[in-house]
Amino acid sequence: MAEVTTLDQANGQAGQPQLVLQKIYVKDVSFEAPNAPQIFQEIGENEQAQPQVQLNLGQSATDLGGDLYEVVLSLTLTCTLGERTAYLAEVQQAGVFGIAGFDAADRDGVIGSYCPNLLFPYARQVISSLVLEGGFPPFLLQPINFDALFAEQQRRVAGGGEAPTLNS
């Protein structure tokens, strides 16, 4: 089993930036198939009708004090067939991170890019399982470039625009 360094142990290394993953967990999860079972018949009968999938992505961070931060990555996947919703899968994948010794800009980069990158594979697995267990064909979310999303957010803030909530 891998040894985990606590933030208190890490603080013994004076002046060194420290990033410690404390916990990864599912904060909230939801799956809805509001038009089941009829939607299954529509999918089987009309092979020409292509389901449309939309992904909404968001993130938030909460300072828990003592150099601890909770980062929450929110994914909402909506699949429609024509005007009808086939399914809606939502997950809030969260993690508690110990972040110490970084200047404000670097800390923001860790929270806005590194942490979501770490949480995404867990959220993707939950979404995939929900869709499959909901009776629909498997769906695998493609990788997301959180570095580019964070850079775009920083560019918009520097340009005087409003900071986006990382929805895509």
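**Exercise 1. Gln52 and its surroundings**

Which backbone oxygen does the side chain of Gln52 reach? Work that out, then place Gln52 in the fold and decide whether it is buried or exposed.

*Solution.* One thing to keep in mind throughout: this is a predicted model.

- Step 1. Follow the side chain of Gln52 outwards, and you arrive at the backbone oxygen of Gln50, at 3.4 Å.
- Step 2. Now find the element: Gln52 belongs to strand E2, which covers residues 52-65.
- Step 3. Check accessibility. Gln52 comes out at 51% relative accessibility, so it counts as exposed; the cut-off for that label is over 50%.
- Step 4. Look for partners from elsewhere in the chain. Leaving out residues up to four places away in sequence, Gln52 touches Thr78, Cys79 and Thr80. Take Cys79: it is 27 residues from Gln52 along the chain, yet their C-alpha atoms are separated by 5.5 Å.

**Exercise 2. How far to trust the model, and how it is laid out**

Find the stretches where the pLDDT is below 50, then write down the order of helices and strands.

*Solution.*

- Step 1. Start with the overall confidence: the average pLDDT is 87, and 84% of the residues score at least 70.
- Step 2. Residues 1-6 fall below 50, and this stretch has 4 contacts in the model beyond near neighbours in sequence. Residues 164-168 are also below 50, with 15 such contacts.
- Step 3. Count the elements: 4 helices and 4 strands. Reading along the sequence gives α-β-α-β-β-β-α-α.
- Step 4. Ask how the chain comes together. Of the contacts with a separation of 6 or more, 69% are between residues 24 or more positions apart.
- Step 5. Finish with the surface. Of the 168 residues, 33% count as buried. The protein exposes about 9900 Å², and carbon and sulfur atoms supply 49% of that.

**Exercise 3. The two sides of helix H4**

Sort out which residues of H4 are buried, and say what covers them.

*Solution.*

- Step 1. Get the helix itself straight. H4 runs over residues 146-158, which is 13 residues, and spans 18 Å from its first C-alpha to its last, close to the 18 Å expected.
- Step 2. Pick out the buried residues: Phe146, Phe150 and Gln153. They sit on the same side of H4, because the arc they cover around the axis is only 60°.
- Step 3. Turn to the other side of H4, where Arg155 and Ala158 are exposed.
- Step 4. Identify the cover. It includes strands E2 and E3 along with helix H3 (104-133).
- Step 5. Zoom in on one residue of H3, Ser113. With 6% relative accessibility, Ser113 counts as buried. Its contacts, not counting residues up to four places away in sequence, are Phe146, Asp147 and Phe150.
- Step 6. Look at the start of H4. There, a side-chain oxygen of Asn145 comes to within 3.1 Å of the backbone nitrogen of Asp147.

**Exercise 4. A buried glutamate**

Where does Glu70 lie, and which side chain makes a polar contact with the side chain of Glu70?

*Solution.*

- Step 1. Glu70 lies in strand E3.
- Step 2. Its relative accessible area is 9%, so Glu70 is buried; the cut-off is under 20%.
- Step 3. The polar contact goes to the side chain of Tyr25, at 2.4 Å.
- Step 4. Leave out residues up to four places away in sequence, and there is still a list of residues that Glu70 touches, including Lys27, Ser60, Leu64, Ala94 and Val96.

**Exercise 5. Backbone oddities and a long-range pair**

Track down the cis peptide bond, the positive phi at Asp67, and the spacing of Leu21 and Phe97.

*Solution.*

- Step 1. The cis peptide bond joins Ala36 and Pro37, with omega about 5°. Pro37 is in the loop between E1 and helix H2 (38-45).
- Step 2. Asp67 isn't a glycine, yet its phi is positive, near 65°. You'll find Asp67 in the loop between E2 and E3. Asp67 has 34% relative accessibility, so it counts as partly exposed.
- Step 3. Leu21 is in strand E1 (residues 18-32). At 35% relative accessibility, Leu21 counts as partly exposed. Leu21 and Phe97 are 76 residues apart in sequence, but their C-alpha atoms are 4.7 Å apart in space.

Conventions
Residues are numbered from 1 along each chain as its sequence is written. This is a predicted model: local features need pLDDT of at least 70, side-chain atom pairs count only at pLDDT 80 or more; totals for chains, interfaces and linings use all residues. Side-chain values use heavy atoms; hydrogens and water are left out. pLDDT is the predictor's confidence in each residue, from 0 to 100. Contact means heavy atoms within 4.5 Å. Helices (H or I, at least four residues) and strands (E, at least two) are DSSP runs, numbered from the N terminus. The expected span of a helix is 1.5 Å times one less than its number of residues. Buried means under 20% relative accessible area, exposed over 50%, partly exposed in between (1.4 Å probe, protein chains only). The arc is that of the directions from the helix axis to the C-beta atoms. A polar contact is a pair of N or O atoms within 3.5 Å; within protein, one must be able to donate a hydrogen and the other to accept it, and residues adjacent in sequence count only if both atoms are side-chain atoms. Accessible areas come from the Shrake-Rupley method with a 1.4 Å probe; for residues, only the protein chains shown count as cover.
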